[in-house]
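Visitor: I am new to this structure and would like to go through it by question and answer. Please show it to me.

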Amino acid sequence: MTNSSGIIAAEPEPITLDWTKTALVIIDMQRDFMEPGGFGETLGNDVSQLARAVKPIASVLAAARASGMLVVHTREGHLPDLSDAPPAKVERGAPSLRIGDPGPMGRILIRGEAGHDIIPALYPLDSEIVIDKPGKGAFYATELGEILQNYGVENLLVCGVTTEVCVNTTVREGNDRGYRCVVIGDGCASYFPEFHEMGLKMIKAQGGIFGWVSDSAAILKAMET
Ligand code: C5J
């Protein structure tokens, strides 16, 4: 282990990461998912379920900023003309408002609208990377892979919402691209607590088939040392 690395208590087993080759990836902590009146609520979800992830993420984000770790924020959303929103995504289900419809925080899940923005508690610094993604995975139709390659990143600390949708999809994409993905379990949340639980289990099962699962306290401890 070098001075720039740390051992993280994780499941299925501890993992040593070189911090200089690690990025913190915060998935979709947007008002559209976190607050009443946004995309998440239009689908019939109880958005208060997601609030529990904010403090753990804020603590790791503060440590990452203090240490100079690369920080990446993602936002799910679409262009105002919906040219990057497949009809199959827009038309499905029976939401109270559809993607692109006007809502209390602007047009639902549209880039540039208030609801599309990241919540104030986790707002990106100007120096941090913000990836706008049209899909659930952060690698699909974005520049994320190229940016991580340019920075020499090999490991991802992943957190955000929701556990079983955009966090899981991104971890699966990252795993297939060769990244060691360590999910910060208490820094993730779902509208469905049972999906959160199973979403984490799916990642760490079978010897860590998609990655590792840790928590904010363990990450902070490893970063201190
Ligand atoms: C969803 C996401 N749940 N960020 N998006 O539609 O997980």
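Visitor: Which helix gives the most to the lining of the largest pocket?
Guide: This is a predicted model. In it, α2 (39-42), α4 (87-90) and α6 (163-176) each supply at least two residues of that lining. One of these helices supplies three residues, the most of any element. That helix is α6.

Visitor: How many residues line the largest pocket, and how many of them are nonpolar?
Guide: The lining consists of 29 residues, and nearest the centre of the pocket are Phe39, Leu43, Lys89, Arg92 and Lys136. By class, seven of the lining residues are charged and five are polar, while the nonpolar ones number 17.

Visitor: How much space lies in the largest pocket, and what sits there?
Guide: The space in the largest pocket comes to about 560 Å³. What sits in this pocket is the ligand.

Visitor: Which residues surround the ligand?
Guide: A residue counts as part of the surroundings if one of its heavy atoms lies within 4 Å of the ligand. By class, the shell divides into three charged residues, one polar and five nonpolar. The residues are Asp28, Phe33, Phe39, Glu76, Lys136, Val161, Thr162, Val165 and Cys166.

Visitor: Which residue has a polar backbone atom 3.1 Å from an oxygen atom of the ligand?
Guide: Two other polar contacts of the ligand use side chains. An N or O atom in the side chain of Asp28 is 2.8 Å from a ligand nitrogen, and a polar side-chain atom of Lys136 is 2.8 Å from a ligand oxygen. The backbone contact at 3.1 Å belongs to Cys166.

Visitor: How much of the ligand's accessible area does the protein cover?
Guide: On its own, the ligand has 230 Å² of accessible area. The part covered by the protein is 92%.

Visitor: How many charged residues are in the lining of the second largest pocket?
Guide: About 180 Å³ of space lies in this pocket. Its lining includes Ser4, Trp19, Thr20, Tyr151 and Met223. Six of the lining residues are nonpolar and five are polar, and the number of charged residues is zero.

Visitor: Where is the cis peptide bond with omega about -10°?
Guide: Most peptide bonds are trans, so a cis bond is an exception. One cis bond runs from Glu11 to Pro12, with omega near 10°, and Pro12 is in the loop between β1 (5-8) and β2 (15-18). The bond with omega about -10° ends at a residue in the loop between β8 (155-161) and α6. It joins Val161 and Thr162.

Visitor: Which residue in the loop between β4 (70-76) and α4 has a positive phi?
Guide: Most residues other than glycine have a negative phi. The residue in question is not a glycine, yet its phi is about 60°. Its place is the loop between β4 and α4. The residue is Leu82.

Technical notes. Residues are numbered from 1 along each chain as its sequence is written. This is a predicted model: local features need pLDDT of at least 70, side-chain atom pairs count only at pLDDT 80 or more; totals for chains, interfaces and linings use all residues. Side-chain values use heavy atoms; hydrogens and water are left out. A polar contact is a pair of N or O atoms within 3.5 Å; within protein, one must be able to donate a hydrogen and the other to accept it, and residues adjacent in sequence count only if both atoms are side-chain atoms. Accessible areas come from the Shrake-Rupley method with a 1.4 Å probe; for residues, only the protein chains shown count as cover. On a 1 Å grid over the protein atoms alone, a cavity is a set of points where a 1.4 Å probe fits but cannot get out, and a pocket is an open set with protein on both sides within 12 Å along at least five of seven lines; lining residues have an atom within 4 Å of a point. A molecule sits in a cavity or pocket if more than half of its atoms lie within 2 Å of its grid points. Ala, Val, Leu, Ile, Met, Phe, Trp, Tyr, Cys and Pro count as nonpolar, Asp, Glu, Lys and Arg as charged, and the others, Gly among them, as polar. Grid points are joined across faces, edges and corners, and a volume is the space filled by probe spheres set on the points. Helices (H or I, at least four residues) and strands (E, at least two) are DSSP runs, numbered from the N terminus.
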